[in-house]
Amino acid sequence: MKLTYCLSGHPTLPCNVLKFKSTTIMLDCGLDTTSVLNFLPLPLVHSPRLSKLPGWVSKDGTINLEKELKECAGRVFVDSQPEFCLPEVELLDLSTIDVILISNYHCMMALPYITEHTGFTGTVYATEPTLQIGRLLMEELVNFMERVPKAQSATCWKNKEIQRLLPGSLKDAVDVWTWKRCYSLQEVNSALSKVQLVGYSQKVELFGAVQVSPLSSGYSLGSSNWIIQSHHEKVSYVSGSSLLTTHPQPMDQSSLKNSDVLILTGLTQIPTANPDGMLGEFCSNLAMTIRAGGNVLVPCYSSGVIYDLLECLYQFIESANLGTTPFYFISPVANSSLEFSQIFAEWLCHNKQTKVYLPEPPFPHAELIQTNKLKHYPSIHGDFSSEFRQPCVVFTGHPSLRFGDVVHFMELWGKSSLNTIIFTEPDFSYLDALAPYQPLSMKCVYCPIDTRLNFHQVSKLLKEVQPLHVVCPEQYTQPPVSQSHRSDLMLELQPPPMPYRRCSVLNLPFRRRYERVYILPEVLLSSCGCPGRLPVLSYKQSQYFFGDGC
Amino acid sequence: MPEIKVTPLGAGQDVGRSCILVSIGGKNIMLDCGMHMGYNDDRRFPDFSYIIQNARLTDFLDCVIISHFHLDHCGALPYMSEMVGYDGPIYMTHPTKAICPILLEDFRKITVDKKGETNFFTSQMIKDCMKKVIPLNLHQTVQVDDELEIKAYYAGHVLGAAMVHIKVGSESVVYTGDYNMTPDRHLGAAWIDKCRPDILISESTYATTIRDSKRCRERDFLKKVHESIERGGKVLIPVFALGRAQELCILLETFWERMNLKAPIYFSTGLTEKANHYYKLFITWTNQKIRKTFVQRNMFEFKHIKAFDRSYADNPGPMVVFATPGMLHAGQSLQIFKKWAGNEKNMVIMPGYCVQGTIGHKILNGQRKLEMEGRATLDVKLQVEYMSFSAHADAKGIMQLIRMAEPRNMLLVHGEAVKMEFLKGKIEQEFSIDCYMPANGETTTVTTNPSVPVDMSLSLLKREMALGGPLPDPKKPRTMHGTLIMKENSLKLVSSEQALKELGLNEHQLRFTCRVQLQDPHSDADTLHRIYTHLKNVLKGYTIQHLPDSTVMVESIVIKVSSSAEDSNTKVLLLSWSYQDEDLGSYLSSLLKKGLPPGLC
């Protein structure tokens, strides 16, 4: 049986389980963090504004949750440590998972929940940059949460009867009972100790039955698509891939050819925005604000697009006369992220590799740091508070605006219309992200940069690699709700793709007919000469062999 | 039977100009393409005419693989690719690809600019040669063509050193290059999985040495340097710019810091800064400890070690100088050596192996009078110390690698014949595998026994396996029936029914019939019933049927009864069975020949 169990409904943070030739393989382990948008931000220093928000009481006064829920600008937020929406853990027994294949560092954030709490005893496969940067992002997340411990853990609002009556997005939130708080550092370390490193095109044998192999996907440092194959069947798993020339090694497309099934996830979340155009808009808005004497806040992840933003600014700073403007990168892992980016020559695009041969650092942010144009700090406390000059540009997390140093800058700069916040990460709706800070005076610019495949690119890719069947999240089989007339924003294929949603179980439409066995040469020679001698079937090292019966 | 052939063009029972030809499954691969430090004539490069007497190199070779950047492994590469002529792929790891052209250029400068040799490769040739290089990542399976695949493993030794696994079909060879089985201050230990190659080609530089623990050697080294400095002497450490140099720098740097020493440490050549930079950018190739802490403190940023200037050699007072090259055969290390050799307070520490013919080799063998160019002689008065810091596997390490990879045959290169002989004996004794040590130009042939891949119909496999219980049992081989179809260069194993269908053949049945005479004074019908009862008693677990048309069927075997024409008590049994039931049929006939037991109803 070839089955997939779909444990996540988020198309770019997938978590699927494939049963193939008696091996059980989990494909990615994405953590849906959009759930945190329902929570109040965690301020680093006491915020009188947040603490004065009124509690929520139902209109008829029968339900009083004023301790748990707070109202801000017409919306209701949970006043508690933020919680994440995990992949579905009830659909199948996760302790039977043999291996987990990770495609990029954004798609592994739920790993500790799976490896530490389900009886998992298998192996996780990931590339070295994915592991190292994934570790940084997890450590950062833990740090953000543990820095501002919140005693309160709100649960009453999750009561089905009560949730039904709540306003806005809280009412529609799904599976709220399964939402979990962030893991601990200890769980992160334990989970990551189960990771086995792999290189692109490395062939990893699973129990002699299945071979898996990561391919460059071009999206981020060490990001990969996976081939899962036996001698006669091939499943391709395509997750977060990019055809744009940014810093990672280009995508390996040709190895995806001749797949029986291609599982397609992680397309661009903003199909209507062109990343190059967004980059231009980012720069011009940044320059405009600085010139007018305002500050620029860029909420972002600590790795990924930020490298491209810094590279773009490196070229832009002089021409825009921003040579004296300080650029700050604030994150508990800022230093590590910048250092790590310089040591993965093997995983970079050709241009950057050539620089390493010289030997020069592949990313120009090394020079920005050397010339003191870019400074990085672990947090707003300590050195930063004394060295901080305005107007400036600050890159900091978390892009949800619910925790991390960014919360402080929102409180600090939100009141002035001179300042600008520029959203570059596509994972969160910027309106929802800003909601608990309303009313705001600062300017908001939305320049989402999502380098993942768009529908045009993906249909071209599929034409080229010709899979027999395509499996994809149901969101890709219809146009986005807000743009229902745009039939170009969906996958149109023949035969039509098999859609999945959270909790679907799909039966993959292909049958095995042959199995690879091995004949010892002497048997082949002898049976050609004398048909009476019968070979003997035996099973060694997970493979079938025919030996001489005598 | 298929064969694998291995011919060293260099490094056969020798150290220097490593170059090994391997023929496997119809593919020809060149492993390393090095130069010999001990020669200045034609013998410095491998003898490529061995190959090209009847073919162009490009036509003959499918690929060239370079294990690491040491010149005795890559020094002849531009000569081979640009002067002899080779346009095929050359594989090496990223760090090797980055560093190798620098060392080649250095080597070229010394030979052409300093020694004035002509007919040597040019800078442009080095560049053109490097354009043919395809970088390899660790553990990546690279498909050179449809049949030939190669995979690199970490080898320690120097930054970017790799072992390679070469595979064609189910035949394979592993070439170790130079490797190190114990992690040192900057690199990790070599590792390979249990890939069971047909041949493991291993270096054997330290074939007879079991080296004492690294700590002791380090302590010894530091003690000697310290003593010499204390008495005001100068210490010369000839090294290659990359590799041991960084390890010893880390060692001295931490020692200087701990002991608060003030004597200057210098590093010759402009390469230092650059070399250290390579280590910083390729930090993923260093050992675990350095990788883990590099964000906080980069081990390759030295505080005490400064760049050397030629004039410093005459400065008074103690100092430590790292100078290139490592075997004192040319360049700055030789110049400094000449200056300091006359003073017994000074010391030269040779931290690595020196090939025959170099000054390093001579002084290590105790020679105290050296003939220099122009008939001058040099009296060697300074102390000469040897510290084995070069990162090669020792005998124990080589045995450890054999245990890891489990090869079927062993082949030794890159070592001295006498020492190899000793190790060969040990390997054959401990692992009961054949061990070869061909000399240069001598071919070793190993026959292999690759199994033949066949596609077996899944329904047939399931049917056959169902007969043996739910799980495959490695201890219980069984006979099976099937038809092997050879078609379009592929083999298929299917059930005979499917084979007939696919090939459009009619099935012919082969039946055996046999008559058995039996004394049984009953009617035919009763006899048949008695036979039925008898067989029922004897053959438990078989399907036995008494059919209305006066036959008994045991599985597919038909039994009929008729009376003899002469004697109605003599019955004639007719048995008939198909070829497939030969075993049961012949058993039944011999059983019935024995007659029926009394007391049957």
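1. Let's start with the secondary structure of chain A in this predicted model. Chain A holds 16 helices and 25 strands. Its radius of gyration is 26 Å, close to the 24 Å that the globule rule gives for 550 residues, so chain A is as compact as a globular protein of that length. If you draw a box along the principal axes, the C-alpha atoms of chain A fill roughly 95 × 65 × 50 Å.

2. Next, have a look at the inside and the outside of chain A. Of its 550 residues, 60% are buried. The accessible surface of chain A comes to about 21400 Å², and carbon and sulfur atoms account for 51% of that area.

3. How far apart in sequence are the residues that touch? Take the contacts in chain A between residues at least 6 apart in sequence: 73% of these join residues at least 24 apart. For the charges, chain A has 43 positive and 49 negative ones, and the mean positions of the two groups are 3 Å apart.

4. Now for some backbone details that deserve a second look. Most peptide bonds are trans, and most residues other than glycine have a negative phi. Keep that in mind while you read the next points.

5. Chain A offers two cis peptide bonds to find on your screen. One joins G397(A) and H398(A), with omega at about 5°. H398(A) sits in the loop that runs between β17 (393-396) and α13 (406-413) of chain A. The other leads from Q438(A) to P439(A), and its omega is near -5°. P439(A) also belongs to a loop, here between α14 (430-434) and β19 (443-446) of chain A.

6. In chain B, turn to D32(B), which is not a glycine and yet has a positive phi, near 65°. You will find D32(B) in the loop between β3 (27-31) and α1 (49-52) of chain B. Is D32(B) buried or exposed? Its relative accessible area is 0%, so D32(B) is buried.

7. S432(B) makes a good partner for that example. Its phi is positive as well, near 50°, and S432(B) is not a glycine either. The loop that holds S432(B) lies between α14 (417-431) and β21 (434-436) of chain B. With 65% relative accessibility, S432(B) counts as exposed, whereas D32(B) is buried.

8. Finally, a word on confidence. Chain B averages a pLDDT of 88, and 97% of the residues score at least 70. The model as a whole scores ipTM 0.88 and pTM 0.87. Where pLDDT is low, the predicted coordinates should not be read in detail.

Notes. Residues numbered from 1 in each chain as written. Chains lettered and ligands numbered in written order. Predicted model: local features only at pLDDT ≥ 70, side-chain atom pairs only at ≥ 80, totals over all residues. Heavy atoms only, no water. Helix = DSSP H or I, 4+ residues; strand = E, 2+ residues; numbered from the N terminus. Rg over C-alpha atoms; globule rule 2.2 N^0.38 Å. Buried < 20%, exposed > 50% of the residue type's maximum accessible area, 1.4 Å probe, protein only. Contact = heavy atoms within 4.5 Å. Areas by Shrake-Rupley, 256 points an atom, 1.4 Å probe, with all protein chains shown as cover. Lys, Arg positive; Asp, Glu negative; His and termini not counted. Charge placed at Lys NZ, Arg CZ, Asp CG, Glu CD. pLDDT = per-residue confidence, 0-100.
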